[in-house]
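Colleague: I have the sequence and the model open in front of me, and I would like to go through them slowly with you. Could we take a few places in turn and reason about each one?

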Amino acid sequence: MAVILNETKQAEYILETGEVGSKPTSTLFLLGKYYRQKQHLNKNQTFSRLNEFMLKHYHNYNPVLWESLIEDISRKAGQYSLREIQSIGIARSELEQITEVRSLKYQQLLFTMLCYAKFYNTLSTDNHGWVNTTIREIYKTARVTVKNRKDRFLYLNDLAQTGLISFSAKNDNLNIRINFADMNGETVLSIEDFREPGYEYLNQCH
């Protein structure tokens, strides 16, 4: 499941459409949080609702095989708050920095990584610009394709040379840090959908 800014809105959409998605466990946990925190159901009531949802919407659903997992979700769902971020704001200064980079592909990558960094900055004031997602996911959501996998790292190394991003000093950590995030600047673009930030950049800025 992609990054969800507003989990309450997403849960309501799932209940309306019956869309289980490709990761039913993630869907169940999201619905579990919604049932516990928004509808104020107890553990047993949540279990019943989740079971009913799967019976109705998941093909070949076997309640016996899922019982243990749904019990666990129903118990833990009240411990994790629903995220309700309306949008991620992109500042004028950030867009100006991105557009100075020569390649459109590089711009899409920078914009996508910036979106992730600002999302995690919003979740924690201690994040300090770290992207906290996989390189594969960055390229996928940036809508940037490469001929060879090694080109992914070449592109990122090129961007690191500009000083706009940097890598973790730990050898076993592939995390990337955005060095130009502006959390207080004038917002000129709001991102509400995190499925394809790269497409949003192409659509809004080109």
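Colleague: In which helix is Asp158 found?

Modeller: This is a predicted model, and what is said about any residue in it is a reading of computed coordinates. Leaving aside its neighbours within four places in sequence, Asp158 is in contact with Arg102 and Tyr106. The element in which Asp158 itself is found is helix H8.

Colleague: How far apart in space are the C-alpha atoms of Asp158 and Tyr106?

Modeller: Tyr106 is one of the residues that Asp158 contacts beyond its neighbours within four places in sequence. Along the chain these two residues are 52 residues apart, whereas the separation of their C-alpha atoms is 8.8 Å.

Colleague: Is Asp158 buried, exposed or partly exposed?

Modeller: To count as buried a residue needs a relative accessible area under 20%, and to count as exposed it needs one over 50%. Asp158 has a relative accessibility of 35%, which lies between these cut-offs, so Asp158 counts as partly exposed.

Colleague: Which residues of H8 are buried, and on how wide an arc around the axis do they lie?

Modeller: The buried residues of H8 are Asp151, Tyr155, Leu156 and Leu159. They are therefore on the same side of H8, since the arc that they cover around the axis is only 140 degrees.

Colleague: Which exposed residues does the face of H8 turned away from its buried side carry?

Modeller: The buried residues of H8 pack against helix H6 (104–123), H7, strand E2 (165–167) and strand E3 (176–178). On the face of H8 that is turned away from this buried side, the exposed residues are Lys150 and Gln161.

Colleague: How are H7 and H8 oriented relative to each other, parallel or perpendicular?

Modeller: Helix H7 (residues 135–142) and helix H8 (residues 149–161) pack with their axes 11 Å apart, at an angle of about 80 degrees. Angles from 65 to 115 degrees count as roughly perpendicular. The orientation of H7 and H8 is therefore roughly perpendicular.

Colleague: Which residues make that contact, and how do they divide into nonpolar, polar and charged?

Modeller: From H7 the contact is made by Ile135, Arg136 and Tyr139, and from H8 by Asp151, Arg152, Phe153, Tyr155 and Leu156. Asp151, Tyr155 and Leu156 are also among the buried residues of H8. Sorted by kind, the residues of the contact of H7 with H8 come to five nonpolar, no polar and three charged.

Colleague: What is the phi of Arg143, which is not a glycine?

Modeller: Most residues other than glycine have a negative phi. Arg143 is placed in the loop between H7 and H8, and with a relative accessibility of 43% it counts as partly exposed. Although Arg143 is not a glycine, its phi is positive, at about 60 degrees.

Colleague: Where is Asn132, and what is its phi?

Modeller: Asn132 is found in the loop between H6 and H7, and it is partly exposed, with a relative accessible area of 29%. Asn132 is a residue other than glycine, yet its phi is positive, near 55 degrees.

Colleague: Is Asn121 buried or exposed, and what is its relative accessible area?

Modeller: Asn121 lies in helix H6. Leaving aside its neighbours within four places in sequence, Asn121 is in contact with Asn127, His128, Gly129, Trp130, Ala181 and Met183. Asn121 is buried, with a relative accessible area of 12%.

Colleague: What is the relative accessible area of Leu28?

Modeller: Leu28 has its place in helix H2 (residues 24–37). Beyond its neighbours within four places in sequence, Leu28 is in contact with Leu50, Met54, Trp66, Ile70 and Ile73. Leu28 is buried, and its relative accessible area is 0%.

Colleague: Where in the chain is confidence lowest, and where is it highest?

Modeller: Where pLDDT is low, the predicted coordinates should not be read in detail. For the chain the mean pLDDT is 93, and 98% of its residues reach 70 or more. Confidence is lowest in helix H9 (residues 197–205), at a mean of 89, and highest, at 98, in helix H3 (residues 43–57).

Key. Residues numbered from 1 in each chain as written. Predicted model: local features only at pLDDT ≥ 70, side-chain atom pairs only at ≥ 80, totals over all residues. Heavy atoms only, no water. Axes fitted to C-alpha atoms, helices over the stretch in contact; angles between N-to-C directions. Helix = DSSP H or I, 4+ residues; strand = E, 2+ residues; numbered from the N terminus. Parallel < 35°, antiparallel > 145°, perpendicular 65-115°, else oblique. Contact = heavy atoms within 4.5 Å. Nonpolar A, V, L, I, M, F, W, Y, C, P; charged D, E, K, R; others polar. Buried < 20%, exposed > 50% of the residue type's maximum accessible area, 1.4 Å probe, protein only. Arc of directions from axis to C-beta. pLDDT = per-residue confidence, 0-100.
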